[in-house]
Amino acid sequence: MSIEMSPNEALIGRTDVDDLEAILSVTNTDVGELVHTVADNADAIFTWDYEKGKRPALNKLYEKAKTSQWNGETDLPWDTDVDQEQVVMANAAAGGGFEEGIDLAGTGFEHWGDAEWIQMGIESQNWTLSQFLHGEQGALLCTAKIVETVPWIDAKYYASTQVMDEARHVEVFAKYLDTKLTGHYPVNAHLKMLLDDIIADSRWDMTYLGMQIMVEGLALAAFGFIHQLTTEPLLKQLLRYVMSDEARHVAFGVLSLKEYYGELSQAEIRERQEFAFEAAVRMRDRFLQQEVWERMGIQPAKVLPLVLASPQRALFQQMLFTKIVPNCKKLGLLDAGDGWLRQRFGELGVIQFEDWQDTGEEYEAFALAEGEVESSTA
Ligand SMILES: [Fe+2]
Ligand SMILES: [Fe+2]
């Protein structure tokens, strides 16, 4: 990093985190490709210390995971009929209308009627579920990497159960998109950049920080938000099941890094703070869903300032950080050094969540109740 460069420029490629032009200039350039290759730069680690339960919290999580598996094919009510248009209207009615408090005057699309707003809602669902799908594949790859790179046997055991969980998540989101919705979107450029950065980092704990703490922390909050709001029963149940797994995954990150960060130097911790900030910004950028506006024939640069100014949008954006901030605090990342990350989260407008419940133990509350999983023999 050069001396003249501001920290923001070095980390996220722009000085002002809200620089919309810079955000929109990042686009996915290989949307036509069937595969995407990233060098993962890491050593595979054997351990000869097989003592199970040396890390009791991880061992407990592993035992919990073994008895919490569900079957994406047989445990969800796939025979549910999903009328996407009807879902969009019902969700809008429940949320108080289509325009989300945005003032459309003078924007060029104040003429939009219900038909356009419904189409927008449908595209938005297709986009949202597509990004969840791509993020789940990111989790699958990251966790397979952790099986190889983490030096502790209890963590290798646990991570192997998460690999299975993530395969199931990819499977059910793909099936939902293919059989219930009306189109896919390629991976969002900001999400892709983040996933690439996480996979490419050679340090095993950075995989955890990027995936288990940041991406999955956000996913847990976002799934919870949509689970609460959606009027579509199949998606509601699908998210309920996925969240019961995700809560364990985030706990895995918190419990593993809590131990490891105790051994790191101030300079090493600072690198973790910077990585957490970069990930937070990428995830915020991705939720602008610029590709949806493009597909609707509206220039994102025209409409996004209005979207960003709406109070509902601000609430949604903040809500995404309700798990991440308390977990970063628990890991000591907020206040380490000169409190660098505390200040950054303050600038992003999310520091107020620091004393919300962290996810180290919360997975117990998310667990599926006895009998909640439908019988696979049905
Ligand atoms: Fe997942
Ligand atoms: Fe996960």
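The paragraphs below describe the nonpolar cores, one helix pair and two loop residues of this structure.

The model is a predicted one, in which local features need pLDDT of at least 70 and side-chain atom pairs count only at pLDDT 80 or more, while totals for chains, interfaces and linings use all residues. Residues are numbered from 1 along each chain as its sequence is written, and chains are lettered from A and ligands numbered from 1 in the order in which they are written.

A good place to start is the interior. The largest nonpolar core (a set of buried Ala, Val, Leu, Ile, Met, Phe, Trp, Tyr and Cys residues joined through C-beta atoms within 7 Å) has 60 residues, and M214, L218, A276 and C328 have the most contacts inside it. Helix 8, residues 204-229, gives the most to this core, with 13 residues; helices here are DSSP runs of H or I with at least four residues, numbered from the N terminus. Neighbours within four places in sequence aside, A276 is in contact (C-beta atoms, placed from the backbone, within 7 Å) with L209, M214, C328, L333 and L341. Another core lies apart from this one and has 14 residues, among them L76, F132, L238 and L239.

Helix 8 also holds A222. This residue counts as buried because it has 23 C-beta neighbours inside 10 Å; the cut-offs are 20 or more other C-beta atoms within 10 Å for buried, 12 or fewer for exposed, and anything in between for partly exposed. Although A222 and L320 are 98 residues apart along the chain, their C-alpha atoms are separated by 5.9 Å.

Helix 8 has a packing partner in helix 5 (residues 114-149), at an angle of about 150 degrees and with the axes 10 Å apart; the axes are lines fitted to C-alpha atoms over the stretch in contact, with angles running from 0 to 180 degrees between N-to-C directions. Helix 5 is therefore roughly antiparallel to helix 8, a label given to angles over 145 degrees. From helix 5, the contact is made by G135, G138, A139, C142, K145, I146 and T149, and from helix 8 by W204, T207, Y208, M211, V215, E216 and A219.

Two loop residues round off the picture. Most residues other than glycine have a negative phi. N41, in the loop between helix 2 (20-24) and helix 3 (56-66), has a positive phi of about 50 degrees, and its 10 C-beta neighbours inside 10 Å make N41 exposed. Q289, in the loop between helix 10 (266-286) and helix 11 (290-295), has a positive phi of about 40 degrees; with 19 C-beta neighbours inside 10 Å, Q289 counts as partly exposed.

How values were computed: Two residues are in contact if their C-beta atoms, placed from the backbone, lie within 7 Å. Angles under 35 degrees count as roughly parallel, over 145 as roughly antiparallel, 65 to 115 as roughly perpendicular and the rest as oblique.
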